[in-house]
Amino acid sequence: MEQLSGRQASPVSVSPEVRDRARQQQSFWGFLTGTYKSELGEKVIMPRLFLNHAIQRWFRAVWNLDRILVHGNRIWLLEIKHKFPFGRKELRFGINRGELGVFSRLSEAGIDCFHAILAKPSWTRDTGSGYLLNQLEQREHAALIGCILDQKVIHRMQQGPQGSSPAHTTFTGAGQLSYSSLPASAFKRLGMINASRAVLAENLARAIEGSDLPLVTDQWLSELRTE
């Protein structure tokens, strides 16, 4: 790894200030163990240890890609996030600039990104993803939206307004990350999370193909907000 990266390894240490033990326990016992069962070590623990300790330590930053898919005769990166919008005059969603740089390189190679977001109805970082499992009324307000990030869109984002996100968004829980952003109105509505998988998959395919789907509006997102 030192030969590949050209740098020595740095220690991996996460700031205790961003650790939420209750949220960790909720995710581990309420979701991960039930989902992966006997494959938890193979599919979750070992890959995370490998990424964090066998790769990340030698590089300034490492991003894993959520999913690569083939649709028609095109190869796509499907990147999925779970977040809420920000902004006063205009609602926007941010994307880490390093991650956006990866998307740009892939786009140059002919692999565009479809960026999907599960828009949280609770606009606060204090609410984890557990609500999707045990709060049915919250699920009714969780929307899946998405947009194509091709070279033109990525270039516009890279040249547009920039910001810095707080420490809890970083790998170690310290410092800041710079991000670019995109108006919420640039996204299309794929459906509510409680819709059937067939409906969401069909709308995803239509969005990738460039078909007309309802656009996201600030008013629509605000009406879905629960807190």
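User: Is Ile-68 buried, partly exposed or exposed?

Analyst: Happy to start there, keeping in mind that this is a predicted model. Ile-68 is found in strand β1, which covers residues 67-71. Buried would need under 20% relative accessible area and exposed over 50%. Ile-68 has 46% relative accessibility, so this residue counts as partly exposed.

User: Which residues form a nonpolar patch on the surface with Ile-68?

Analyst: The patch has about 350 Å² of accessible area, counting its members together. Besides Ile-68, the members are Leu-65, Val-70 and Ile-75.

User: Which strands stand at the edges of the sheet that has the order β1-β2-β4-β5-β8?

Analyst: This is an open sheet of five strands with mixed pairing. An edge strand here pairs on one side only. That description fits β1 and β8 (188-192).

User: Which residue in β5 stands opposite His-115?

Analyst: Strand β4 (residues 112-119) and strand β5 (residues 143-149) run antiparallel, joined by seven bridges. Across from His-115 in β5 is Cys-147.

User: What angle does the direction of helix α8 make with that of β8?

Analyst: Helix α8 spans residues 197-209 and packs on the five-strand sheet. There α8 touches β1, β2, β4, β5 and β8. Its direction and that of β8 make an angle of about 175 degrees.

User: Now to the other sheet: why is strand β3 described as largely enclosed?

Analyst: Let's take the two faces in turn. On one side Arg-92, Gly-94 and Asn-96 are buried, and on the other Phe-93 and Ile-95 are buried. Strand β3 (residues 92-96) is therefore largely enclosed by the rest of the structure, because the number of its residues that are buried is five of the five.

User: In β7, which residue is the bridge partner of Asn-96?

Analyst: β3 pairs with strand β7 (residues 177-183) in the antiparallel sense, over five bridges. Ile-95 has Ser-180 as its bridge partner in β7. For Asn-96, the partner in β7 is Tyr-179.

User: Why is one side of β3 left without a neighbour in the sheet?

Analyst: The open sheet of three strands has the order β3-β7-β6 and antiparallel pairing. β3 and β6 (162-165) stand at the edges, so one side of each lacks a neighbour there because each has a single partner strand.

User: At what angle to β3 does helix α4 run?

Analyst: Helix α4 covers residues 97-108. This helix lies across β3, β6 and β7. Relative to β3, α4 runs at about 80 degrees.

Conventions: Residues are numbered from 1 along each chain as its sequence is written. This is a predicted model: local features need pLDDT of at least 70, side-chain atom pairs count only at pLDDT 80 or more; totals for chains, interfaces and linings use all residues. Side-chain values use heavy atoms; hydrogens and water are left out. Patches are made of residues with over 30% relative accessible area and no salt bridge: like charges are joined within 9 Å, nonpolar side chains (Val, Leu, Ile, Met, Phe, Trp, Tyr) within 5 Å. Accessible areas come from the Shrake-Rupley method with a 1.4 Å probe; for residues, only the protein chains shown count as cover. A salt bridge is a side-chain nitrogen of Lys or Arg within 4 Å of a carboxyl oxygen of Asp or Glu. Helices (H or I, at least four residues) and strands (E, at least two) are DSSP runs, numbered from the N terminus. Buried means under 20% relative accessible area, exposed over 50%, partly exposed in between (1.4 Å probe, protein chains only). Two strands pair if DSSP finds at least two bridges between them. Contact means heavy atoms within 4.5 Å. Axes are lines fitted to C-alpha atoms, for helices over the stretch in contact, and angles run from 0 to 180 degrees between N-to-C directions.
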